Every structure is written in C-alpha cells, then in structure tokens.
Amino acid sequence: MPHAQKPVLQPSDSASLSRRQFMAGAAAASFAIVAPGAVRTFAANAKINIGMVGCGGRGTWIGRLFRDHGGYNVVAAADYFEDRANRFGDELGVPASHRYTGLKGYLKLMDKVDAVVIKSPPYFHPEQAAAAVAAGKHTYVAKPIAVDVPGCLSIEASGKTARKNKRCFLIDFQTRADPFYIEALRRVHQESALGKFAFGECTYHAGDPFGGMYDAWRSDPNNPENRMRAWGLDRVLSGDIITEQNIHTLDVMNWIMDEPPLWAVGSGGRKFRPVGTCYDTFSLLFQYANDVAITFSSRQSNGYGTQPEGIRNRMFGTEGILETEYGGQVLIRGDHFYRGGKSPGIYKDGAVANVKTFYDSITTGNFENPTVECSVRSNLITVLGRMAAYEKRMVTWNELMSNTEKLDANLKGLKA
C-alpha cells in the first residue's frame, strides 16, 4: 500500500442496519434463556471441562496455563486449520474426536465443555462469544474483544446475558490483575493521589511481533486462507495494531480516566513493515472533559536501541504523577508518594491470575463479570483512535457510538 493511500474499511451488507435495529437485537439477546440441560453447578475442587477456540501460539500457550492450574480438563479444541487443532490436541491431550476445524468448527465443541476459551483472531470474538453464552457456557475471551463498534456492543450484550444466566464472562487483560497497577489506581481514584488531572501521555513502542507471518502473506495476500494464517497483518481480522496490540496502553489510559474521551484526532501509516494492510505507527490526541488531553503514539519497528520503549503511561496531576510500565516500574511521585514495584513476569503472571479468577468465580458462583464494561470501553477507544487516524480528522465519541459499520473480512470460499 503506498504510504499516502487512505485505508478504506469495507462494510458488510449488515452495515446497513440502523443503530436502533442493532441495539434491539442486542437487547433481545441479553434476555436469552439457557436450556436447563446446559446448567451445571460446581463444588469446590471440581474439575471444569474447557474447549479452546483458536489453537495458534497464544492459544496453545494459555491452554497450558489452564492445564497447569489443576482445576481444568482441556477436552476439546477448534481452529480453522487442521494442523493447528492437531498440534494443540497432541500437546494438551485432546482426543482426536474432539478436534474441530473450519470457520464454524467451534460450534461442535459446545456440548463437550463447561467453559469456552476464545483465542482466535479478534474479528471472530463477538460471534464466538455470543454462541458460547447462548449455549450456557462460561466464557473466557482474549483481548481485544472486537474490531468494530457493533462487535464491542455484541460483547457487552453477551456479558449481560452471562450475568443474567449465572455464567462467568472474563476478558483477559494482564495489567488489571497486577497488584501494583491495582493499588496505584486505587490511590488515584479513591485518595486523589494526583490531585486534579492536568494531562497525560501513553506509548506503545516495540518491534514487529508479526514477522513470522510475512511468508504466508507474501505467498498470496488475496487468498483468504493465507490472510487467516497471517491475520496479524490484516487490518480487519486484527483490528490493526491500535486495537490488537496498543489496546494494552489505551486500556490503562481508560482505567486512569474512568470515562470515555470526548474526541480524538491524529494520524498514522505504514512506514516500516513491507507487507500487510495494517499501519505500523499511530500518533493521536485524546481529549477528555475538563481540558485534560492525553497524547498517544505507537510503533512496530526496529527501535535501534532508543529508550524508553515498551508499554508506558504517565498521568500528570496538580499533586503528583502516576508512572506505569508493563513489566516495569509502577509508582506515584509527588505529595502522595507510592513506591509501587515491578512485575517483570506480568505477561504470564497476569494470565495465570485471570485463569485462577475464572475458576474461582465459576466454583463460588460469582457472576458479576467486572471485566466486561471496562474492556468494552477500552476497545471502543481503540476504534475511535483508528477512525481518527484513518480519516485524518477529529472523530467524537458520540459519532463513534452511532457508527453501525460492521467490518467484513471477505472470507468467501473458506470451509465452514
């Protein structure tokens, strides 16, 4: 794609639905009734049978965490690609008869499990989560939850349905399970440790995590199976880097502010990566109420040793400054000093904590599902920023929330 070309996201036929029609459908879904046969209660120390949807590297990695927890049996797997389903099944001991392939293969594992873990490309999360909830299953969803506004609202509706039907619905953000982040944000919100907010900044500067997908894309980017294998390079399947990756730092921004921005403006482009349809850099300004603005920048490219890198947030207030780094130091400087600490193992430790929370919530009957609302808003913020950068104009929150465009990955010809 030439660097000056404006990316255009193609709507599907369903984009013609009005917001009223969409919300009516979501509201109806929130009152779905689970069949009595789908209901199963759990005693302490019970084993929970799970099925994995999405058996690539991340799915296999987190499958091991569920197995190692000790409270789960990994009994089923679904992936579009047979080789991935088999590799996962061989490692996790899933019977060959419980391995499913194709776009709709995940539907076949529903009657084999108590809970569904969704680690497929983000484009598929809303549909797969809605199916799991409708089948009466506890549901564990990777970030990001969706790639567009209708998808985010679908996840929100699924979370409400799960709560109504006494089912757990957890979204896997590692930072929100980290004790230093939790305590620092508690002090900011409950003790006004920063005083009045003044301005902030957040960055996600890192290398390209999708280099291993280059060959699949280059072999034929018009082949939908190649795009599926190289999903991280496809702006619709992944939501682009601002949604797929940068959501980590924008989620912390959302956590700090605890309200949606008023508008965003910015830019971006593909400057470094030789393949794909995603940007590899974004630069944005998010404007909040009370004249508080937060700058954001990201890149996926060689940093040549420049520092600081990583996933970082700073919030400046009249009485102090909050500094956070994913895997690094979290602290509050100023009048209400908090030393905090470092969590170098946050990537794994956060996921382990969420796997445990999921188990504890199921076995104790805690169906509050507190990760849903904040995750939906964080995901919507990434879409807001993406729209502003793609269209090179200011986009307001109200405009975003009236957007009914459902992105279409154009996967015609793939096996069901």
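Reader: In which helix is R227 placed?

Author: Helices (H or I, at least four residues) and strands (E, at least two) are DSSP runs, numbered from the N terminus. R227 lies in helix 8, which covers residues 224–229. This is a predicted model, in which local features need pLDDT of at least 70, side-chain atom pairs count only at pLDDT 80 or more, and totals for chains, interfaces and linings use all residues. Residues are numbered from 1 along each chain as its sequence is written, and side-chain values use heavy atoms, with hydrogens and water left out.

Reader: Is R227 buried or exposed?

Author: Buried means under 20% relative accessible area, exposed over 50%, and partly exposed in between (1.4 Å probe, protein chains only). R227 counts as buried because its relative accessibility is 11%. Across the protein chain, buried residues are 55% of the 416 residues.

Reader: What does the side chain of R227 reach, and which residues is R227 in contact with?

Author: A polar contact is a pair of N or O atoms within 3.5 Å; within protein, one must be able to donate a hydrogen and the other to accept it, and residues adjacent in sequence count only if both atoms are side-chain atoms. The R227 side chain reaches the backbone oxygen of N410 at 3.4 Å. Contact in general means heavy atoms within 4.5 Å. With neighbours within four places in sequence left aside, R227 is in contact with W217, P221, D234, L237, A409, N410 and L411. For the protein chain, 71% of the contacts with a separation of 6 or more are between residues 24 or more positions apart.

Reader: In what order do the nine strands of the open sheet run?

Author: Two strands pair if DSSP finds at least two bridges between them. The order here is 14-13-12-11-7-10-9-8-15, with mixed pairing. Strand 14 and strand 15 (395–396) are the edge strands, each pairing on one side only. Helix 6 (residues 179–190) packs on the sheet and touches strand 7 (197–206), strand 12 (320–325), strand 13 and strand 14. Helix 13 (residues 371–391) also packs on the sheet, touching strand 8, strand 9 and strand 15.

Reader: How many bridges join strand 13 to strand 14, and how many join strand 8 to strand 9?

Author: Strand 13 (residues 329–334) and strand 14 (residues 338–342) run antiparallel and are joined by three bridges. One bridge pairs Q329 with K342 in strand 14, and a hairpin of three residues links the two strands. Strand 8 (residues 263–269) and strand 9 (residues 281–288) are antiparallel, with seven bridges; V265 has L285 of strand 9 as its bridge partner.

Reader: At what angle do helix 2 and helix 12 pack?

Author: Axes are lines fitted to C-alpha atoms, for helices over the stretch in contact, and angles run from 0 to 180 degrees between N-to-C directions. Helix 2 (residues 57–69) and helix 12 (residues 346–364) pack at about 55 degrees, with axes 10 Å apart. Angles under 35 degrees count as roughly parallel, over 145 as roughly antiparallel, 65 to 115 as roughly perpendicular and the rest as oblique. Helix 2 and helix 12 are therefore oblique. The helix 2 residues that meet helix 12 include W61 and F66, and those in helix 12 include A351 and Y359.

Reader: How do helix 11 and helix 13 cross?

Author: Their axes come within 9 Å and cross at roughly 120 degrees. I247 and L250 are among the helix 11 residues in this contact, and C374 and R377 among those of helix 13.
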